[in-house]
Amino acid sequence: MVKVLVGNKGSGKTKKMIDLANEAVENSKGNIIFINKNTRLTYDLNYNIRVICMEDFVHVTNEDEYIGFIFGILASNSDIETFFLDGVLKHADIEVEHIPSFVRKIKEISNDYGIDFVMSISAELEALTNVDFEGVEVLN
């Protein structure tokens with residue numbers, strides 16, 4: 001399943017993601033991965049959540065490399081239950097025009113591997129008209 005939080009900067013998406021991740025880890029039988037731009041959220045998240053900071057991976061510079069990065073994480077850990085991708089537009093120079101193909105690829109990974117994704121996108125929902133949200137739960 002893919003869930004998306006959409007809204008402008010400062011609309012509370014990250015706080016909601018933190019709450020969802022901390023709730024998920026309490027009920028999870030697998031591992032929870034939280035990918036963020038930097039280390040700012042490390043202490044807000046339960047210590048059982050694996051926090052990955054994209055600033056540590058400067059060579060991940062585009063959408064395809066980012067998807068490959070996710071596959072690399074999956075290859076190293078077959079017990080992943082949920083990925084949280086906070087602020088996708090801040091990772092790997094992904095732009096709003098890349099979101100339709102990015103969401104499509106995330107949906108495919110979710111379906112193929114049985115992994116849940118929760119991601120936040122700093123944009124208005126109206127700006128994402130080209131995104132196929134079929135099978136995606138928009139949380140706001």
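## Helix α1 and its two sides

Let's start with the side of α1 that faces out: Lys-15, Glu-26 and Asn-27 are exposed there. This is a predicted model, by the way. Turn to the buried residues of α1 and you'll find Lys-13, Met-17, Ile-18, Ala-21, Ala-24 and Val-25. These buried residues cover an arc of only 135° around the axis, so they sit on the same side of α1.

What do the buried residues of α1 pack against? Their partners are four strands: β1, β2, β4 and β5. As for the helix itself, α1 takes in residues 13-27, which makes 15 residues. From its first C-alpha to its last, α1 reaches 21 Å, close to the 21 Å expected at 1.5 Å a residue.

## Strand β2 and its partners

Next up is β2, a strand that is mostly covered, with 5 of its 6 residues buried. It pairs with β4 in the parallel sense, over 5 bridges. If you want to spot that pairing in the model, look for Ile-32, which stands opposite Thr-82 in β4.

β2 also has strand β3 (residues 50-53) as a partner: the two run parallel and are joined by 4 bridges. Here the pair to look for is Asn-36 and Cys-53, with Cys-53 in β3 standing opposite Asn-36.

## The nonpolar cores

The largest nonpolar core holds 34 residues, and Ile-35, Tyr-66, Phe-83, Leu-85 and Ile-106 touch the most other members. Six elements each give two or more residues to this core: β1 (2-6), β2 (31-36), α2 (63-76), β4 (80-85), α3 (99-113) and β5 (116-121). Which of them supplies the largest share? That would be α2, with 6 residues.

There's a second, separate core too, made of 13 residues, including Leu-5, Ala-21, Ile-32 and Phe-34.

Back in the largest core, Ile-106 is worth a look. Leaving aside neighbours within four places in sequence, Ile-106 is in contact with Val-2, Ile-67, Ile-70, Leu-85, Phe-117 and Met-119.

## Helix α3 and Lys-107

Ile-106 is one of the buried residues of α3, along with Ile-99, Phe-102, Val-103, Lys-105, Lys-107, Ile-109 and Ser-110. The buried residues of this helix pack against β1, α2, β4, β5 and β6 (136-138). Its 15 residues should span 21 Å at 1.5 Å a residue, and the end C-alpha atoms of α3 are indeed 21 Å apart. After α3 comes Gly-114, which has a positive phi, near 65°.

Is Lys-107, a member of this helix, buried or exposed? With a relative accessible area of 14%, Lys-107 falls under the 20% cut-off, so it counts as buried. Not counting residues up to four places away in sequence, Lys-107 touches Val-2, Asp-132, Glu-134 and Val-136. A polar atom of the Lys-107 side chain lies 3.0 Å from the backbone oxygen of Asp-132. Val-136 is 29 residues away from Lys-107 along the chain, yet their C-alpha atoms are separated by 7.9 Å.

## Ser-120 in strand β5

Last stop: Ser-120, in strand β5. Its relative accessible area is 1%, so Ser-120 is buried. What does its side chain reach at 2.6 Å? It is the backbone nitrogen of Gly-87.

Gly-87 is also among the residues Ser-120 touches, not counting those up to four places away in sequence; the others are Leu-5, Lys-13, Met-17, Leu-85, Asp-86 and Val-88. Two of these names, Lys-13 and Met-17, will be familiar from the buried residues of α1.

Notes. Residues are numbered from 1 along each chain as its sequence is written. This is a predicted model: local features need pLDDT of at least 70, side-chain atom pairs count only at pLDDT 80 or more; totals for chains, interfaces and linings use all residues. Side-chain values use heavy atoms; hydrogens and water are left out. A nonpolar core is a set of buried Ala, Val, Leu, Ile, Met, Phe, Trp, Tyr and Cys residues joined through side-chain atoms within 4.5 Å. Buried means under 20% relative accessible area, exposed over 50%, partly exposed in between (1.4 Å probe, protein chains only). Contact means heavy atoms within 4.5 Å. A polar contact is a pair of N or O atoms within 3.5 Å; within protein, one must be able to donate a hydrogen and the other to accept it, and residues adjacent in sequence count only if both atoms are side-chain atoms. The expected span of a helix is 1.5 Å times one less than its number of residues. The arc is that of the directions from the helix axis to the C-beta atoms. Two strands pair if DSSP finds at least two bridges between them.
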